[in-house]
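Me: Please take a close look at one part of this model, the sheet, and explain how its strands are ordered and paired. I would also like to know how the sheet relates to the ligand, and how much confidence the prediction carries there.

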Amino acid sequence: MISLSPHQNGPILQVEALTVSFGGFKALNGLNFSVQAGELRVVIGPNGAGKTTLLDVITGKVRPRAGKVLFRNRDLTRLPEQRIACLGIGRKFQTPNIFKTLTVLENLTLALKNPRHVLSTLPFFSRNGSHSRVDEMLETIGLGGKAGKTAGLLAHGENNGWSWAWSCCRTRSSF
Ligand SMILES: Nc1ncnc2c1ncn2[C@@H]1O[C@H](COP(=O)(O)OP(=O)(O)OP(=O)(O)O)[C@@H](O)[C@H]1O
Ligand SMILES: [Mg+2]
């Protein structure tokens with residue numbers, strides 16, 4: 001997870017005593033975890049350790065039996081997935097969901113949080129700064145030269161790289 005808003009002091013994300021049960025089986029049992037603003041954290045563990053379950057709770061896909069997930073001090077555990085996404089939490093899956101016939105730039109421009117109507121797709125109406133934000137994201141992840149490439153022609157690893165930027169473009173703040 002990476003925060004793109006390093007201005008906030010203290011944890012941006014706090015997981016407190018999180019317990020998730022599937023039937024009688026506890027996939028997470030009293031987990032505590034936090035991410036500071038601007039901090040990069042990696043969650044590792046063997047198969048079945050509960051990594052995906054943790055992400056599922058943070059993004060609202062799974063409801064915990066007990067505990068809290070605070071994002072900027074707001075409890076996410078009762079919010080629907082779409083509200084959590086609007087607060088600025090994005091997620092990237094192992095297999096990237098991309099438009100293979102579009103270029104990387106076109107894919108990322110679609111991901112930006114701009115108005116979703118026909119006019120906004122025309123160059124005249126498109127928001128200033130869209131391209132610079134996409135360029136900035138691609139430079140950050142070392143794929144600066146790939147903006148004009150057709151997504152379907154890139155290697156799996158490259159698509160994985162920029163679809164990470166896709167999540168950041170969508171949410172503007174955190175990933
Ligand atoms: N919907 C579900 N119903 C029942 N059990 C589940 C469900 N989702 C996950 N589990 C169980 O919860 C445990 C944690 O699973 P999870 O997928 O979070 O692990 P993981 O750390 O992501 O594993 P992997 O490295 O294989 O991706 C596993 O034992 C899994 O079988
Ligand atoms: Mg998993």
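**The sheet and its surroundings**

Reply: Among the elements of the chain, strand 3 has the highest mean pLDDT, 97, whereas helix 5, residues 156-171, has the lowest, 76. This is a predicted model, and over the chain the pLDDT averages 83, with 81% of the residues scoring at least 70. A stretch to read with caution is residues 1-6, where pLDDT stays under 50 and for which the model has 29 contacts beyond four places in sequence.

The sheet itself is open and consists of four strands in the order 2-1-3-4, with antiparallel pairing. Strand 2 and strand 4 are its edge strands, each of them pairing on one side only. As a general point, strands of a sheet pair through backbone hydrogen bonds, either parallel or antiparallel.

Beginning at the strand 2 edge, strand 1 and strand 2 run antiparallel and are joined by eight bridges. Pro11 stands opposite Gln36 of strand 2, and Leu13 has Val35, also in strand 2, as its bridge partner. The two strands form a hairpin with two residues between them, and Gly23, in the turn, has a positive phi of about 65°.

On to the next pairing: strand 1, which spans residues 11-22, is joined to strand 3, residues 66-71, by five bridges, and these two strands also run antiparallel. Here Val15 has Val69 of strand 3 as its bridge partner, while Thr19 stands opposite Ala66 in strand 3. In a regular strand the side chains alternate between the two faces of the sheet.

At the other edge, strand 3 is joined by two bridges to strand 4, residues 74-75, and the two run antiparallel. The bridge partner of Leu70 is Asp75 in strand 4, and that of Phe71 is Arg74, likewise in strand 4. Strand 3 and strand 4 form a hairpin with two residues between the strands, in which Arg72 takes a positive phi near 50°.

As for the ligand, the residues around ligand 1 include Phe22, Phe25 and Ala27, together with Pro46, Asn47, Gly48, Ala49, Gly50, Lys51, Thr52 and Thr53. Phe22 falls within the span of strand 1, residues 11-22. Three oxygen distances can be given for this site: an oxygen atom of ligand 1 is 3.1 Å from an N or O atom in the side chain of Asn47, an oxygen atom of the ligand is 2.8 Å from a backbone N or O atom of Gly48, and an oxygen atom of ligand 1 lies 2.7 Å from an N or O atom in the side chain of Lys51. On its own, ligand 1 has 640 Å² of accessible area, of which the protein covers 55%. Strand 2, residues 25-36, and helix 1, residues 51-58, are the elements that give two or more residues to the shell around ligand 1. The largest share comes from helix 1, with three residues. By residue type, the shell divides into five nonpolar, five polar and one charged.

Taken together, the strand 2 edge of the sheet also belongs to the elements that give two or more residues to the shell around ligand 1, while strand 3, joined to strand 1 by five bridges and to strand 4 by two, has the highest mean pLDDT among the elements of the chain.

Key: Residues numbered from 1 in each chain as written. Chains lettered and ligands numbered in written order. Predicted model: local features only at pLDDT ≥ 70, side-chain atom pairs only at ≥ 80, totals over all residues. Heavy atoms only, no water. Near = heavy atom within 4 Å. Polar contact = N/O pair within 3.5 Å; in protein donor to acceptor, adjacent residues only side chain to side chain. Areas by Shrake-Rupley, 256 points an atom, 1.4 Å probe, with all protein chains shown as cover. Nonpolar A, V, L, I, M, F, W, Y, C, P; charged D, E, K, R; others polar. Pairing = 2+ DSSP bridges. pLDDT = per-residue confidence, 0-100. Contact = heavy atoms within 4.5 Å.
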